[in-house]
Amino acid sequence: MKELADKLGRAGYLPFYLYFGDGNLRVGDWAVAAQRLSEPLRSLVQLFLLQSPANRRHVTAALGECLVERMKHFGVIRNGGSTFECQSFSLLSFRSNLYFCQLNDDPFAYFGEDSVALGTYQSPAPGGDVLDLCSGPGIQALIAARNARHVTGVEVNPKAWSIAKLNKELNHVGDHVELVNSSLQDFAKTNTRKFDRILFNPPLVPVPDDMSYAFVGHGGSDGLSVTDDILGLYRPFLKTNGRFEFIGMTVGKKESTLAGDPLVELAKKHHLEGTIHVLSRHRIREQTPLVTSCAISLARSNKIEISLAQKQLIDFYQNSDFDYFYLFFCSWGKAAKGRRAKASVVDMSYYYFGDWFA
Ligand SMILES: C[S@@+](CC[C@H](N)C(=O)[O-])C[C@H]1O[C@@H](n2cnc3c(N)ncnc32)[C@H](O)[C@@H]1O
C-alpha cells in the first residue's frame with residue numbers, strides 16, 4: 001500500500017484535495033471542483049471523496065491492479081459492474097499522512113474537526129513513548145509516530161482498528177507503531193508501561209444522559225465522562241514528566257470565567273496541573289451552528305424531529321444553569337506532591353474566527 005501515496009500524488013489527487021486545506025472537510029467544494037476535472041483524476045475524486053461510482057478502467061490505470069486488490073481485501077472498495085465503489089470511505093490527507101476514514105452520520109472510522117484539532121495541537125515527543133487512546137482509524141497515533149520511539153494506539157471497535165491497520169500500512173510508518181483492539185478500560189488492567197504522552201480525542205459531545213447519540217461521540221451530560229475515566233485510569237501510567245494531551249467540549253456557566261466549571265474541577269479531582277486552552281465558545285441557544293449540528297445528530301439517533309431535539313438539548317442545559325458549550329485543548333501533567341493542583345486557563349476564544357477548533 002505504500003505506493004498509493006506516490007500514485008495519488010502523480011495523478012493529482014493529493015494536490016486537488018490539499019488545495020482546500022490540510023485535513024479539510026469541504027465536501028461541497030470538492031463536488032463543485034470535480035466537475036471540471038479530466039480522467040483519471042475525476043474518477044479518483046469520485047471514488048475517494050464524492051462517494052460516487054468511479055470508472056473501473058480509469059481507476060485501475062491510475063493505481064494498478066495490485067493496489068486495487070489490496071483495497072478490496074481491506075473492504076474499502078468493491079466492484080460495481082464497470083465501476084468501483086468506495087464502501088462509505090473517504091481518503092483524506094492530514095499532516096502528510098493519508099487516512100481512510102468515514103464522514104457519514106454514524107461512522108466507526110471517524111475523522112472530524114476534532115481529529116484535526118488534536119492532530120494540530122499534540123506536541124511532538126522525540127524519542128518518547130506515546131499512547132493514543134480511542135485511536136479510531138489511527139490519526140493521532142500516526143502523527144505521533146513521526147517523532148516518537150514507540151506509539152501504542154488503543155481502539156475498542158474492531159472495524160475501526162482494522163482501518164487503523166490499513167492506514168498504518170498506507171503510511172509505511174514501521175513496527176514502532178502498535179495498534180491494539182481493546183477497550184481502554186481493559187487495556188489499563190494489563191498495561192505495565194509508562195508514557196511520555198497520553199493523547200486522546202474521546203467521545204466528547206455533551207448529551208443529556210437519557211438521550212442516545214452516535215457511539216463515537218457520546219460524552220455524557222458534561223461531555224467529560226470518558227475523559228474522567230481516562231484521567232483516573234491512566235494517571236499512574238504517566239512518566240514523571242509525562243503529559244495528557246486531549247481535546248474536548250464541555251459546558252460553561254458564565255460568559256467571563258471558567259471558575260467552578262466541570263473541566264477545572266476535573267483537574268483538581270485527578271491532581272493534575274497544566275493549561276486549558278479555550279478554543280471557542282458557543283451559546284446554548286437556537287440557531288448557533290454547533291447547537292444545531294448536535295441537534296441534527298441527536299434527532300437522528302433518537303428518531304425524533306430536529307426541532308424537538310434542539311428544544312430538549314437547550315432546555316436540558318439551560319435548566320442546569322449552563323449557558324454555553326466550549327471547546328478546549330488541555331496539556332496536563334501530575335501536580336507535584338503537596339502542591340494544590342491548578343489548571344490555568346488560556347482563553348483563545350476571544351480570537352475565535354469561526355472554525356469549531358480554530
Ligand atoms: C471521536 S473518535 C476519535 C478517533 C480518533 N482518535 C480521532 O482523533 O479522530 C472516538 C473513538 O473512541 C472509540 N472509543 C469509544 N469508547 C472507547 C473505549 N471505551 N475504549 C477504546 N476506544 C473507545 C470509538 O470507537 C471512536 O473510534
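Is F111 buried or exposed, and how many other C-beta atoms lie within 10 Å?

1. In this predicted model, F111 is buried, because 22 other C-beta atoms lie within 10 Å and a residue counts as buried once 20 or more are found there. The residue is found in the loop between β5 (97–101) and α7. When its neighbours within four places in sequence are left aside, F111 is in contact with L92, Y99, C101, L103, P137 and I139. Of these partners, Y99 can be placed further: F111 and Y99 are twelve residues apart in sequence, and their C-alpha atoms are 8.8 Å apart in space.

2. The helix that follows this loop, α7, has D114, S115, V116, A117, L118 and G119 as its buried residues. These buried residues pack against one helix and several strands, namely α8, β4 (90–94), β9 (195–200), β10 (238–252) and β12 (324–334).

3. The strand β10 deserves a separate comment. Twelve of its 15 residues are buried, and β10 is therefore largely enclosed by the rest of the structure. With β9 it pairs in the parallel sense over five bridges, and F200 stands opposite F246 of β10. With β12, by contrast, β10 pairs in the antiparallel sense over nine bridges, where S331 in β12 is the bridge partner of E245.

4. As for the connection between the parallel strands, β9, helix α11 (residues 225–234) and β10 together make a right-handed β-α-β unit.

5. Turning to the ligand, 22 residues surround it, and the closest are S115, C134, G136, V156 and N201. S115 is also one of the buried residues of α7. At least two residues of the shell are supplied by each of α7 (113–121), α8 (139–144), β7 (150–155) and α10 (184–190). Sorted by class, the shell around the ligand comprises 13 nonpolar, eight polar and one charged residues.

6. At the level of the whole chain, the division is into domain 1 (3–93) and domain 2 (103–351), and the C-alpha centres of domain 1 and domain 2 lie 30 Å apart. The contact between them takes ten residues from domain 1 and eight residues from domain 2. On the side of domain 1 that touches domain 2, the residues divide into seven nonpolar, three polar and no charged.

Technical notes:
Residues numbered from 1 in each chain as written. Predicted model: local features only at pLDDT ≥ 70, side-chain atom pairs only at ≥ 80, totals over all residues. Near = placed C-beta within 6 Å. Helix = DSSP H or I, 4+ residues; strand = E, 2+ residues; numbered from the N terminus. Nonpolar A, V, L, I, M, F, W, Y, C, P; charged D, E, K, R; others polar. Domains from an automatic or database assignment. Contact = placed C-beta atoms within 7 Å. Pairing = 2+ DSSP bridges. Right-handed = clockwise from strand over helix to strand, strands pointing away.
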